[in-house]
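Work through the exercises below with the sequence and the coordinates open beside you. Each task is followed by a solution that goes step by step.

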Amino acid sequence: MSEGMAIVLSAPSGTGKTTTCKLLREKLPNLKIAVSHTTRTIRDGEKDGVDYTFISQKEFEGKIENKEFLEWARVHNFYYGTSFKSITSNLQDGHDALLELDVQGVESLRKMKYQGIYILILPPSIKEMETRLKKRGTDSEESILQRIKTGKEEVKKYKMYDYVITNFEVDVTVNTILSILQAEKVRAPLYTPTSPDIEELLKDGVD
Ligand code: 5GP
């Protein structure tokens, strides 16, 4: 069986990432979500083990020491990390896996030449991002300012990604991601012959 694809998704806070991921999960029931570990506090509506695995700073540092993370970063004063466990077996079983990472996580994965499709979702404007964060009502004024600052830095790093999508409308964004995934699956190097006669032709194929 061929391995699944890792889909690495980043989006500054207030870009509509949560809704995008929820819709993606509905459209792609076989997609496995790599549930990250974090030391930040749980928000209303979030579930431990589903949205994140919420752990203490001490536990997180223990996991860093035990080399349990594919990557980890400090974002907005909290730790966030993707464990090897949350992803490897899914990919080996042929499932595609979605990793939601900030830019530092993407930087680490790119450095280690981690195979995947890297997608960045951006807000139509910084103003719009601020409006969405305020409307969400889950963050303090200070936290909103910090998230905007981080968001601006993330926009500047857009060249690390394979695809950049501006989230004007979430349905369109989700359809764009689905199209990207479809196209990635039929890349020429991934082609496998579907019949003995085609397989025969490939044996004396030309480069
Ligand atoms: P939030 O607290 O709003 O859920 O997430 C804050 C930021 O942390 C987002 O940019 C999100 O993509 C990022 N993040 C979530 N999980 C991970 C992870 O496992 N690793 C890294 N590097 N960033 C993560």
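**Exercise 1.** Find the residue of β7 that is the bridge partner of Val-8, and then establish how the strands around this pair are arranged.

*Solution.* The bridge partner of Val-8 in β7 is Leu-99, where strands are DSSP runs (E, at least two residues) numbered from the N terminus. This is a predicted model, in which local features need pLDDT of at least 70 and side-chain atom pairs count only at pLDDT 80 or more, while totals for chains, interfaces and linings use all residues. Residues are numbered from 1 along each chain as its sequence is written, and side-chain values use heavy atoms, with hydrogens and water left out.

Next, take the strands as units: β1 (residues 6-10) and β7 (residues 97-100) run parallel and are joined by 4 bridges, and two strands count as paired if DSSP finds at least two bridges between them. Strand β2 (residues 32-33) also runs parallel to β7, with 2 bridges between them; here Lys-32 stands opposite Ala-97, and Ile-33 has Leu-98 as its bridge partner.

Finally, assemble the sheet, which is open, has 5 strands in the order β2-β7-β1-β8-β9 and shows parallel pairing. Its edge strands are β2 and β9 (163-166), each of which pairs on one side only.

**Exercise 2.** Determine the strand order of the open sheet with mixed pairing, and explain why one side of each edge strand lacks a neighbour.

*Solution.* The order of the 4 strands is β4-β3-β6-β5. Because β4 (53-54) and β5 stand at the edges with a single partner strand each, one side of each is left without a neighbour in the sheet. Strand β3 (residues 37-38) runs parallel to β4 and is joined to it by 2 bridges, and the partner of Thr-38 in β4 is Phe-54.

**Exercise 3.** Describe the surroundings of the ligand, starting from the residues that come nearest.

*Solution.* Of the 17 residues around the ligand, those that come nearest are Ser-36, Arg-40, Tyr-52, Glu-71 and Tyr-80, a residue being near if one of its heavy atoms lies within 4 Å. By class, this shell has 5 nonpolar, 5 polar and 7 charged residues.

Then consider the polar contacts, which are pairs of N or O atoms within 3.5 Å. A polar side-chain atom of Tyr-80 lies 2.5 Å from an oxygen atom of the ligand, and for Lys-17 the corresponding distance to a ligand oxygen is 3.0 Å. In the side chain of Arg-147, an N or O atom is 3.1 Å from an oxygen atom of the ligand.

To close, taken alone the ligand exposes 510 Å², of which the protein buries 96%, with areas from the Shrake-Rupley method and a 1.4 Å probe. The elements that give two or more residues to the shell are β5 (69-75) and β6 (78-83).

Key
A polar contact is a pair of N or O atoms within 3.5 Å; within protein, one must be able to donate a hydrogen and the other to accept it, and residues adjacent in sequence count only if both atoms are side-chain atoms. Ala, Val, Leu, Ile, Met, Phe, Trp, Tyr, Cys and Pro count as nonpolar, Asp, Glu, Lys and Arg as charged, and the others, Gly among them, as polar.
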